[in-house]
Amino acid sequence: MPESSPRVGLFVTCLVDMFRPSVGFAAVKLLEDAGCTVEVPEAQTCCGQPAYNSGDQADARAIACNVIAAFRGYDYVVVPSGSCGGMIVKHYPEFFEPGTTEHDEALDLARRTHELTSFLTRVMKVEKVEAQFPARATYHDSCSGLRELGIRNEPRKLLASVAGVSLREMTDAEVCCGFGGTFCVKYPGISDKMLEKKLHHIEATGADTLIAGDLGCLMNMAGKLKRMGSPIKVRHVAEVLAGDHATPPIAEAK
Amino acid sequence: MDLGAANFKDNVGKALADDKLQFAMTETGPRFIAKRTKAREALPEFDQLRDQARDIKDHVLDHLDIYLEKYEAKVKETGGHVHWAETPDDARAAVLAICRKANAKMVTKGKSMISEEIDLNQHLAENGIVPVETDLGEYIIQLRNERPSHIIAPAVHLTRDQVEADFRRVHTHLDPKRDLTEIPALVEEARAVLRQKYLAADVGITGANFLIAETGTSIIVTNEGNGDLTQTLPKVHIVLASIEKLVPTLEDATTILRVLARSATGQDFSNYTTFSTGGRRPGDPDGPVEYHVILLDNGRANVLGTEFQDMLRCIRCGACLNHCPVYNSVGGHAYGWVYPGPIGSVVTPALIGIENARHLPNASTFCGRCEEVCPMRIPIPKMLRHWREKEFERHLQPTSQRWGLGLWAWMAKRPKLYRRATALAARVLANQAHGKGRLRKVPLASGWTEFRDLPAPQGKTFHQLWKERRP
Amino acid sequence: MSARDAIMARVRAKLPKGPEGSRREAVERHISQHQQNLIPERGQGDIEHRIRVFTEMMLAVGGTVEIVDDVNDVPHAVSVYLRDGNLPAIVRRGTDPLLARLPWHRGGTLDVLEGPAVDADRASVSHAFAGVAESGTIVQVSGPENPTTLNFLPEAHIVVLESSALFASYEEAWTKLRNLMGEGNMPRTVNMISGPSRTADIEQTIVRPAHGPKNMHVIIVR
């Protein structure tokens, strides 16, 4: 562990905030178990991706400035999402002219910001978690986490340490599930075709639980699985690592 | 024939409902990917070569005026002719003039995307010259009066039974009893028919993968040998190329060739890589007497020095198509113009105008696989996003999207208000789910609920709960 | 304004402004130095290594390779190859000096035709300018003695490759070519050939041949 008790600002993400706070609390538990002091800055809303990816640079930049200000002073900023994490780490610095104070601040935030599982393993050197979660699971690599932040082994390593979890890899785990933010509502037909292929690979593993690190992808996959009447349970990786059985899986009844 | 990039949504609908297309795409996409992976793993230096390939092309683009001059001078020195074309019209006219001068009745053609870009076949046919495509895939789609659906595998959207039907329809000499159900039989039939065309053609037209400034050389890369028969047997060879195809030296061309075939088909090197410099020399027993190069701009120069310049590094390998989950879902024709897939969605708006292709940059999840595999390291998602910025600036996006996102952004910049709105939305949606954990229908969210349920919020937002639990 | 001038003007207007002289100099230097970029290790090694890698690569793309110790054994090898492939004992070649002085009578009834290929030719033999181990590639240059059609029209293409011309990389072939032709000069055609003609245009299924030779047979002379 690098510091005695690093002060971590949790970037909740807009989807976790509104749809699935249990992911946020699971993240808090994991961070505290790892020895961090967790705070949740009030002034955060969203990372700004919807605006950024719709070509609205001005709003995206304004939102980025809010986030930069809200997370000033924390040793680390942790995000239970590779996508929002990628936005902060890879794209915020692009909003500002190199050499300016804003650019320096964006770079500084980018350096302090980590996706949850990579923060636990790379920064806090967590080797295993104390949790139990019976699941024959398969893991979907979310695109941004995988390709922008290089996260692949981190969640798998931690999941392997959960008592009761057995992981089986699906074909094309690294291929997009068809979510893509606003893409999935703008081009539902294409999104559905991609989703169909993804679910086919998930089902072929015989897994009873689907795990991923991004709530957007998870809601997309769970939404279709449940529409088709599939018994496969869908969960965010933080919930499994925190041993949260109590919360019903995504899109399932209490 | 032109489906139109503007009709992307309709094209997608048709593509998704086309069982044969879906079968072809599901079968072939993974094969390309596996072949590239294998080739890449067999060459430890692959990624370093990609870096060098990128740097070579960046250097050329920064000095393009001088390289073009050098190249032109060298072609002239070797007895070749260079014809500059600002527009497709210019290029078509130049080709036609050369063909007329050669009294051409029939021309054979190697695969060329520039030919597609300038709709050359139609123009030749209208002027009484028969164009014959000789690349097997191009030949098949010419019979069907279609555009290529893929940059290097033009007929990838078709199945063998469709090809058989086309051959039986057009090759009237075919014995109905002859078995053409297997692919080798189809290839043999095409070989026999096209062999006679090569021998009879008056002019051979090919594309160019690269133009070398050092030597005034054009390069074509094929596996079938069709390009070589096309350019070697007739009296006249015409090369169709665009201005960004320049590379400085033989060594530089070689470096890029090392990443080209591996990225495209997963081969270490294509079967035939041919370097052509001028026409027949004294004493040459064969080869074309005349050698012409058409140098097309068609909007490329305007891309230089802009945020889109990197697209000009593209070597048309097709790797981004093969790895694109969107391309693999809808096929190439849905994109509606010459260049499909991720790179097409970057290039097409530059060449025909973003207002005529406004869906293309949006039809991406930004999954990043295209950039990951691009041998020239073109940041495709970034360029797609730049196009979205242009659309935003020019108010080309649908009004509902503008309003929706505008309202959302307005709220997202006001945390307190945002808190209240999300708390309300979370409560309302959670109530509507009636404890089932999901919603089948949500007002204004049919894009989501058409194919999926919407997972219901848990009831309170994280920020509400955090305040309650950690006051 | 001509199309050329219009395009050039557009290109120049868009490019980063810099002193014209130094930009020109950078281009001149780049071309005249024609520096080698990274060369993969795969083909590099002694002649045994190069023969091994070349053979492996050529076999992988559907070609065949045989090794003879003496160039005078080539006619016999050609005749055996044609017989084994059920091809008539007729072969087409150019006036290449090495091929011209071979003792073709040792090929038995072998009939040797001279000149560019015609459609009826079933087999050709040509003398390789170079071979490249890295990818199992043959380099052919056109000229009065080496018709290009020999590489494409016949069904079987036989290539004689001297081991002294079997290089590790394409770059060594360029060096040999520059030594022959002079800086900046190329023959009308340089063909790099890696195996017999193929297509995968229908359902991504590889079929040989497409339009060119069905068989490619390389005879390496040690």
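**A walk through chain B**

Gly204(B) sits across from His237(B), a residue of strand 7 of chain B. That's a handy place to start in this predicted model. The two strands involved here are strand 4 (residues 203-206) and strand 7 (residues 236-242) of chain B, which run parallel and share four bridges.

Zoom out a little and you'll find an open sheet of six strands in chain B, paired in parallel and ordered 1-10-7-4-2-3. At the edges are strand 1 (81-85) and strand 3 (130-133) of chain B, each with pairing on one side only. Going from one strand to the next, the twist averages 25°. As for what holds such things together, strands of a sheet pair through backbone hydrogen bonds, in either a parallel or an antiparallel way.

Now for a helix. Helix 5 (residues 88-101) of chain B packs on the sheet and touches strand 1, strand 2 (106-109), strand 4, strand 7 and strand 10 (290-296) of chain B. The direction of helix 5 makes about 170° with that of strand 10 of chain B.

On to the domains. Chain B is assigned domain 1 (1-28 + 313-397), domain 2 (43-298) and domain 3 (400-469). Taken over C-alpha atoms, the centres of domain 1 and domain 3 of chain B are 31 Å apart.

Last stop: His434(B), in the loop between helix 19 (415-432) and strand 11 (438-439) of chain B. Is His434(B) buried or exposed? It counts as exposed, because just 10 C-beta neighbours lie inside 10 Å, and the cut-off for exposed is 12 or fewer. From His434(B) to Asn209(B) is 225 residues in sequence and 61 Å in space, C-alpha to C-alpha.

Technical notes. Residues are numbered from 1 along each chain as its sequence is written. Chains are lettered from A and ligands numbered from 1 in the order in which they are written. This is a predicted model: local features need pLDDT of at least 70, side-chain atom pairs count only at pLDDT 80 or more; totals for chains, interfaces and linings use all residues. Domain bounds come from an automatic or database domain assignment. A residue is buried if 20 or more other C-beta atoms lie within 10 Å of its own, exposed if 12 or fewer, and partly exposed in between; C-beta atoms are placed from the backbone. Two strands pair if DSSP finds at least two bridges between them. Axes are lines fitted to C-alpha atoms, for helices over the stretch in contact, and angles run from 0 to 180 degrees between N-to-C directions. Two residues are in contact if their C-beta atoms, placed from the backbone, lie within 7 Å.
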